[in-house]
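Colleague: Take me through one loop of this model in close detail, starting with its backbone and how open it is to solvent. Then work outward from there into whatever the loop connects.

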Amino acid sequence: MDIALFSPSSLFAEDDDSSADEETTETCQNFVERTHQFPEMELLIREFSFHELNANLLWPGTFAFAEWLVQHRSWIEGRRCIELGSGTGALAIFLRKALHLDITTSDYDDQEIEENIAHNCKANGITPVLPHIKHSWGEAFPIVTPDWDLVIASDILLYVKQYPNLIKSLSFLLKSYKPKTNKAYLLTENEQNDGLPYPAFLMSWRRRIGKEDESLFFSGCENAGLEVKHLGSRVYCIKPIDNCDMS
């Protein structure tokens, strides 16, 4: 059994140790399979040995976010969700298996990413595989009327130059949201305040970047008409400013 050259968790603080790999198996020249521990569940995830778009590894934010979402499961159960920057698809696979969440994966317009997510779905008993959308941030979104009331992402703020493109795509998903049913419109203000607004973007961030770079993203969101709120444990909720405020 081959051992990975490094573990992603070694790049971060010691308290981000939930991503420790229990087993590493090199499947071929381009992929490595690792068993990752999620809350009350193990997943076998095939990762790229290298990927130019950084879609190759799982980072600490994924595991911390998974734990947070389980702890706040009442906020997301029944939501229709899309994940930005899905990478290997591990978080989406976990949420489908653990919470039966209606979730779509998405990432850069790259066929290898889509095929690897499909592989990981099948390897972990998700059939049919999760729906996937190829989308490069900042470009026209392939769905004209998005109906996802929850957008999620973890550790996606690595490339500062991509912040304007990310914010553009995020703004479209939140501001152009149209529910399939009238559920969101029928919620009272108190019901919307009891958890998350409709729609909302939840983001977990554990990667190390400078405070100035981090603030560029949040100020960019505010300039685009989005409100940012820290929910604790480095989880942020972003929503259109005209939505009802969270309690």
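Modeller: Let's start with His 100. At 66% relative accessibility it counts as exposed, because the cut-off for that label is over 50%. Keep in mind that this is a predicted model. His 100 sits in the loop between H3 and S5, and its phi is positive, about 55°, even though the residue is not a glycine. As background, most residues other than glycine have a negative phi, and most peptide bonds are trans.

Now step back into the helix before the loop. H3 covers residues 90–99 and carries Phe 94, which makes an aromatic pair with Phe 38 in strand S2 (residues 31–38), 56 residues apart, so to speak a link between distant parts of the chain. The two rings are stacked, at 5.3 Å centre to centre with 25° between the planes; the angle earns that label because stacked requires planes under 30 degrees apart. Whereas His 100 is exposed, Phe 38 and Phe 94 are both buried. The pair is one of 10 aromatic pairs in the protein. Elsewhere, Tyr 163, Phe 217, Phe 218 and Tyr 236 come together as one aromatic cluster.

Phe 38 leads us to S2 itself. Seven of its eight residues are buried, so the strand is largely enclosed by the rest of the structure. S2 runs antiparallel to strand S3 (residues 41–48), with eight bridges joining the two; for instance, Thr 35 has Leu 44 in S3 as its bridge partner. The hairpin has two residues between the strands, and Glu 40 there takes a positive phi near 60°. At the other end of S2, the ring of Phe 31 has the charged end of Arg 46 over it, 3.8 Å from the ring centre.

Going the other way from His 100, you enter S5 (102–107), and right after that comes Asp 109, in the loop between S5 and helix H4 (111–123). Asp 109 has 45% relative accessibility, so it counts as partly exposed. Leaving aside residues up to four places away in sequence, Asp 109 touches Lys 134, His 135 and Ser 136. Its C-alpha is 4.4 Å from that of Lys 134, although the two are 25 residues apart along the chain. Between H4 and S6 there is another loop, which holds Pro 128. The peptide bond joining Thr 127 and Pro 128 is cis, with omega about 0°.

What order do the strands take in the open sheet? S5 is second in the listing, which reads S6-S5-S4-S7-S8-S10-S9: seven strands, with mixed pairing. Strand S6 (132–134) and strand S9 (226–232) are the edges, each pairing on one side only. From one strand to the next, the twist averages 25°. Helix H1 (residues 60–71) packs on this sheet, where it touches strand S7 (150–154), strand S8 (200–204), S9 and S10, and its direction makes about 130° with that of S8.

At the S9 edge there's a backbone feature to set beside His 100. Ser 233, in the loop between S9 and S10, likewise has a positive phi of about 55° without being a glycine. Its relative accessible area is 48%, which makes Ser 233 partly exposed. The strands on either side of Ser 233, S9 and S10 (residues 235–240), run antiparallel and are joined by six bridges, with Gly 232 standing opposite Val 235 in S10.

One more cis bond belongs in the tour. The peptide from Tyr 198 to Pro 199 is cis, with omega near -10°, and Pro 199 lies in the loop between helix H7 (189–193) and S8. The ring of Tyr 198 has the charged end of Arg 79 over it, 3.7 Å from the ring centre.

For the overall setting, the protein has eight helices and 10 strands, and buried residues make up 50% of its 247 residues. Among contacts with a separation of 6 or more, 65% come from residues 24 or more positions apart. The accessible surface comes to about 11900 Å², and 48% of that belongs to carbon and sulfur atoms.

Terms used. Residues numbered from 1 in each chain as written. Predicted model: local features only at pLDDT ≥ 70, side-chain atom pairs only at ≥ 80, totals over all residues. Heavy atoms only, no water. Phe/Tyr/Trp six-rings, centres within 6.5 Å; stacked < 30°, edge-to-face > 60°. Helix = DSSP H or I, 4+ residues; strand = E, 2+ residues; numbered from the N terminus. Buried < 20%, exposed > 50% of the residue type's maximum accessible area, 1.4 Å probe, protein only. Lys NZ or Arg CZ within 6 Å of the ring centre and 35° of its normal. Pairing = 2+ DSSP bridges. Axes fitted to C-alpha atoms, helices over the stretch in contact; angles between N-to-C directions. Contact = heavy atoms within 4.5 Å. Areas by Shrake-Rupley, 256 points an atom, 1.4 Å probe, with all protein chains shown as cover.
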